[in-house]
Amino acid sequence: MSWTPKIAIIGAGPAGLMLARLLLQKSIPVTIFEREQSATFRSQGGTLDLHKNSGLYAMKEAGLFAQFLKHARYEGDDLIMADKTAVPVLDFRKDGYMGGERRPEIDREVLRRMLLESIPAECIQWDHCLIAADPDGCLEFQSGKIQGPFDLVIGADGGRSRVRPLLTDVRPLYSGIAGFEFKIADVESRFPHIAKFVGRGSYFCWSDGKAIQAQRLGDKGMRVYAWSKKPETWAIDLHARYPSTAELKKVFLQEYPDWSPILREWIEVADEDRRPWTLYMMPTDFQWAHRPGFTLIGDAAHLMTPFSGEGVNAAFLDAVELANRIASSLGSGRGGSREKLDAAVAAYEAALFPRAQATMEDTADNMRLFFRADAPLGFVVKCQQVMQKRKQTTTSKKQQPQLHQREIQQREIQQRELNGH
């Protein structure tokens, strides 16, 4: 007898939407429950880059790569790193990040819209804020509605996941880093000297345990982020104390008295929009004990700070791996069972944990290097080591002995003789 599991995804962010797209492609029905009232309820933030073996791989698996190319900004991959003088110490504009592959940028808003348009509208139930997930697979929402039971509930609901407490008591930790996000609309026409200085991609500056970063957007605007090592409530308190963005910026810039005027100007000319950020992270060795009927993907599974650009990429890879495991457990004739589905999810988790730990450790290492007193010196050394290792690997491959054509022909003759021809 055929068996089709009832699957619920909590959260219509990149992770949840990508997983839904992949499952629906495999004719596996799924329902997404999202706390926000609509797809346009809030801004989706800035831009992100997709990586070859994770984000781009997932776009191809989901059949969305051609659509992605219509919006991708390969020039947005340009990256310069500097200190507070704004003098570059690392320039990744020519050969890609750390001398590796190019990582095309796409605005988060565009990416989410692309994913939303790729799945039927009826698959998403908006304005469903999850209050509790019961062990039997039933879901209780703020409205009082109860849905379920489901055979599998997948928490794709971010750092403050409501599904995660069913699997572990571990909570996100404050990273020690807080700050603000600003935006400059139409930077090319309003402030051409800033647009020219920043270039087509990103310009990140680090010194004294602080950072000011600029990131170009596909809508001709620019995001500006400023981070520093502060107490946990610092950004939220400052945001509440100064409703006027103009006044907040004056106070905020006191944190950067000796930074280059061009960097301070990014904040001075920013528009009224601002957002306080307090960055959290899961412990780098975070795991949970497998529990039938539940699992996590994306930030719910491995919340990280943004200092390696791996968040969405890791989430997309989670989605591909989990979707493939689920599909395999059902078989082409839908001859699956709850037991097979549970085994597939357990296998997904076993593979996820070491992969996520490596990514979280690298991200935590970057954060440590970026906010050291001597930054960005430590990260420069790390980059040099990575690029040297890649160079040695490439050289080693090129230096492998090549068989002469005559030797190849002789081996082919010998092989035919051995095979009786």
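This report describes the fold, cores, one small sheet, aromatic pairs and cysteines of a predicted model.

## Overall composition

The chain has 421 residues, and 51% of them are buried. Its secondary structure consists of 14 helices and 17 strands. Among contacts in the chain with a separation of 6 or more, 74% join residues 24 or more positions apart.

The exposed surface of the chain is about 20,300 Å². Carbon and sulfur atoms contribute 50% of that area.

## Nonpolar cores

The largest nonpolar core contains 73 residues. Within this core, the residues with the most contacts are Met 18, Leu 19, Met 59, Leu 139, Phe 316 and Ile 326. Helix H11 gives the core its largest share, ten residues. A second core, separate from the largest one, has 34 residues, including Ile 184, Val 251, Trp 266 and Ala 270.

Met 18 can be followed through its contacts. Neighbours within four places in sequence aside, Met 18 touches Ala 58, Met 59, Ala 62, Leu 115, Phe 316 and Ala 319. Two of these partners, Met 59 and Phe 316, are also on the list of core residues with the most contacts.

## Asp 318 in helix H11

Helix H11 spans residues 311–330 and includes Asp 318. The relative accessibility of Asp 318 is 0%, so this residue counts as buried. With residues up to four places away in sequence left out, the contacts of Asp 318 are Ile 297, Gly 298, His 302, Tyr 348, Leu 352 and Arg 355.

## A three-stranded sheet

One open sheet has three strands in the order S8-S9-S10, paired in the antiparallel sense. Its edge strands are S8 (130–133) and S10 (146–147), each of which pairs on one side only.

Strand S9 covers residues 139–141 and is joined to S10 by two antiparallel bridges. In the register between them, Glu 140 has Ile 146 of S10 as its bridge partner.

## Aromatic pairs

The structure contains 25 aromatic pairs. In one of them, the ring centres of Trp 206 and Phe 370 are 3.9 Å apart and the planes meet at 5°, so the pair is stacked. Trp 206 belongs to strand S13 (residues 202–207) and Phe 370 to helix H12 (residues 338–370), so this pair ties together parts that are 164 residues apart in sequence. Both Trp 206 and Phe 370 are buried.

Phe 286 and Trp 288 make a tilted pair, with 5.7 Å between the centres and 45° between the planes. Phe 286 has a relative accessible area of 4% and is therefore buried. Trp 288, at 6% relative accessibility, is buried as well.

Trp 206 and Phe 370 also belong to a cluster linked by ring pairs. The other members of this cluster are Phe 204, Tyr 225, Trp 227, Phe 307, Phe 371 and Phe 379.

## Cysteines

A disulfide is a covalent bond between the sulfur atoms of two cysteines. The search of the whole structure returns zero disulfides. The cut-off for such a pair is sulfur atoms within 2.5 Å.

Cys 129 has a relative accessibility of 12%, which means that it counts as buried. Cys 205 is at 0% relative accessibility and is therefore also classed as buried. Both values fall under the 20% limit for buried residues.

How values were computed. Residues are numbered from 1 along each chain as its sequence is written. This is a predicted model: local features need pLDDT of at least 70, side-chain atom pairs count only at pLDDT 80 or more; totals for chains, interfaces and linings use all residues. Side-chain values use heavy atoms; hydrogens and water are left out. Buried means under 20% relative accessible area, exposed over 50%, partly exposed in between (1.4 Å probe, protein chains only). Helices (H or I, at least four residues) and strands (E, at least two) are DSSP runs, numbered from the N terminus. Contact means heavy atoms within 4.5 Å. Accessible areas come from the Shrake-Rupley method with a 1.4 Å probe; for residues, only the protein chains shown count as cover. A nonpolar core is a set of buried Ala, Val, Leu, Ile, Met, Phe, Trp, Tyr and Cys residues joined through side-chain atoms within 4.5 Å. Two strands pair if DSSP finds at least two bridges between them. Rings of Phe, Tyr and Trp (its six-membered ring) pair if their centres lie within 6.5 Å; planes under 30 degrees apart count as stacked, over 60 as edge-to-face and the rest as tilted.
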